[in-house]
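Dear colleague,

Please find below a structure that I am handing over to you. I would be grateful if you would look at it before reading the notes beneath.

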Amino acid sequence: MESAWCGFPFNDPNRHWETLMLCSTFPFFVVPMALITVLYFRISLTLYRAREQLNRNSRGREESWTLSQDTIQNGCHQNAMLVLISVF
């Protein structure tokens, strides 16, 4: 009795499967990882700029710091939701 086998023929002299695997690596791994990296970098850059703006605007004023912090948190929540929606 013979059993069925499904897989890549590693000893086959015609190695089109290697090219297929390498070509599929880019659209299914490299491109999404690069996109995720860019998005996280943009999020961190936005948070850094918001913190710098917060520090410049609220020197010694507690009320403006609290108001700015609430504004930043609302903006961060909106950005996070947009990222989640775009990913899914």
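The notes below cover the helices first and then the pocket.

This is a predicted model, in which local features need pLDDT of at least 70, side-chain atom pairs count only at pLDDT 80 or more, and totals for chains, interfaces and linings use all residues. Residues are numbered from 1 along each chain as its sequence is written, and side-chain values use heavy atoms, with hydrogens and water left out.

Helix 1 (a DSSP run of H or I, at least four residues, numbered from the N terminus) has 42 residues. Its first and last C-alpha atoms are 61 Å apart, close to the expected 62 Å (1.5 Å times one less than its number of residues). Helix 1 bends by about 35° at F26, with the proline P27 following within four residues; the bend is the angle between axes fitted to the seven residues ending there and the seven starting there. Its buried residues (under 20% relative accessible area, 1.4 Å probe, protein chains only) are W17, A50 and L54.

An unreviewed UniProt entry places a "transmembrane region" at residues 19-41; such annotations may be inferred rather than shown by experiment. That span is 100% helix, and its end C-alpha atoms lie 32 Å apart.

The largest pocket (an open set of 1 Å grid points with protein on both sides within 12 Å along at least five of seven lines) has a volume of about 220 Å³. Of its ten lining residues (an atom within 4 Å of a point), R42, I43, T46, N79 and V83 are the closest to its centre. Helix 1 (16-57) and helix 2 (62-87) each supply at least two residues of the lining.

Yours sincerely

Conventions
On a 1 Å grid over the protein atoms alone, a cavity is a set of points where a 1.4 Å probe fits but cannot get out, and a pocket is an open set with protein on both sides within 12 Å along at least five of seven lines; lining residues have an atom within 4 Å of a point. Grid points are joined across faces, edges and corners, and a volume is the space filled by probe spheres set on the points. Buried means under 20% relative accessible area, exposed over 50%, partly exposed in between (1.4 Å probe, protein chains only).
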